[in-house]
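Biologist: I would like to learn how to read a model of this kind from its contacts and its backbone. Could we go through it together, feature by feature?

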Amino acid sequence: MSKITKCIVCHKTENEVPIINFKFKGKKYTICSQHIPVLIHKAQDLDSVLPGIQPTEDENQ
Ligand SMILES: [Zn+2]
């Protein structure tokens, strides 16, 4: 019954890496711990997998 959860970026499964669930615009997504920094700092790189995501503002420059 349960589907294997995969990272939206690298497609590694929950059997290989820790996977985190999150929601965006009412949809549920899953991402591995390795790619959370991409979601935080380079959100625009995820535009193909998260349609409508806004570019992350560059806070350090
Ligand atoms: Zn990943």
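Biologist: Which residues does I19 touch, not counting residues up to four places away in sequence?

Modeller: Setting aside residues up to four places away in sequence, I19 touches T5, C7, E14, T30 and C32. Please keep in mind throughout that this is a predicted model. I19 is found in strand β1, and C32 is also its bridge partner in β2.

Biologist: Is I19 buried, exposed or partly exposed?

Modeller: The general idea is to count the other C-beta atoms within 10 Å, where 20 or more would make a residue buried and 12 or fewer exposed. I19 has 19 C-beta neighbours inside 10 Å, and therefore counts as partly exposed. As for separation along the chain, I19 and Q44 are 25 residues apart in sequence, with 20 Å between their C-alpha atoms.

Biologist: How are β1 and β2 arranged relative to each other, and how many bridges join them?

Modeller: The two strands run antiparallel, and six bridges join β1 to β2. Besides the pairing of I19 with C32, N21 stands opposite T30 in β2. As a general point for reading any such pairing, side chains in a regular strand alternate between the two faces of the sheet.

Biologist: What do β1 and β2 form, and how many residues lie between them?

Modeller: They form a hairpin with two residues between them, and K25, which is in the turn, has a positive phi of about 50°. The sign of that angle deserves a remark, since K25 is not a glycine. K25 sits in the loop between β1 and β2, the latter covering residues 27-32, and K25 counts as exposed because it has 9 C-beta neighbours inside 10 Å.

Biologist: Where else should I look for a positive phi in a residue that is not a glycine?

Modeller: Look at H11, which is not a glycine and has a positive phi of about 65°. H11 lies in the segment before β1, the strand that covers residues 19-24. H11 has 9 other C-beta atoms within 10 Å, so it is exposed.

Biologist: C10 also lies in the segment before β1, so to speak of contacts again, which residues does C10 touch?

Modeller: Not counting residues up to four places away in sequence, C10 touches C32 and H35. C32 thus appears among the contacts of C10 and among those of I19. C10 counts as partly exposed because it has 14 C-beta neighbours inside 10 Å. C10 and A43 are 33 residues apart along the chain, and their C-alpha atoms are separated by 15 Å.

Biologist: Where does E16 lie, and does it count as buried or exposed?

Modeller: E16 is in the segment before β1. With 12 C-beta neighbours inside 10 Å, and the limit for an exposed residue being 12 or fewer, E16 counts as exposed. From E16 to I36 the sequence separation is 20 residues, and the C-alpha to C-alpha distance is 16 Å.

Biologist: In which element does I36 lie, and with which residues is I36 in contact?

Modeller: I36 lies in helix α1, which comprises residues 36-41. Leaving aside its neighbours within four places in sequence, I36 is in contact with I20 and I31. I36 is partly exposed because it has 15 other C-beta atoms within 10 Å. I36 and I4, which are 32 residues apart in sequence, are 19 Å apart, C-alpha to C-alpha.

Biologist: In what order do the elements run, and what do the values for the chain say about its extent and its buried residues?

Modeller: The chain has one helix and two strands, and from the N terminus on its elements run β-β-α. The C-alpha trace spans about 45 × 25 × 15 Å along its principal axes, and buried residues make up 10% of the 61 residues. Among contacts between residues at least 6 apart in sequence, 22% join residues at least 24 apart.

Technical notes
Residues numbered from 1 in each chain as written. Predicted model: local features only at pLDDT ≥ 70, side-chain atom pairs only at ≥ 80, totals over all residues. Helix = DSSP H or I, 4+ residues; strand = E, 2+ residues; numbered from the N terminus. Contact = placed C-beta atoms within 7 Å. Pairing = 2+ DSSP bridges.
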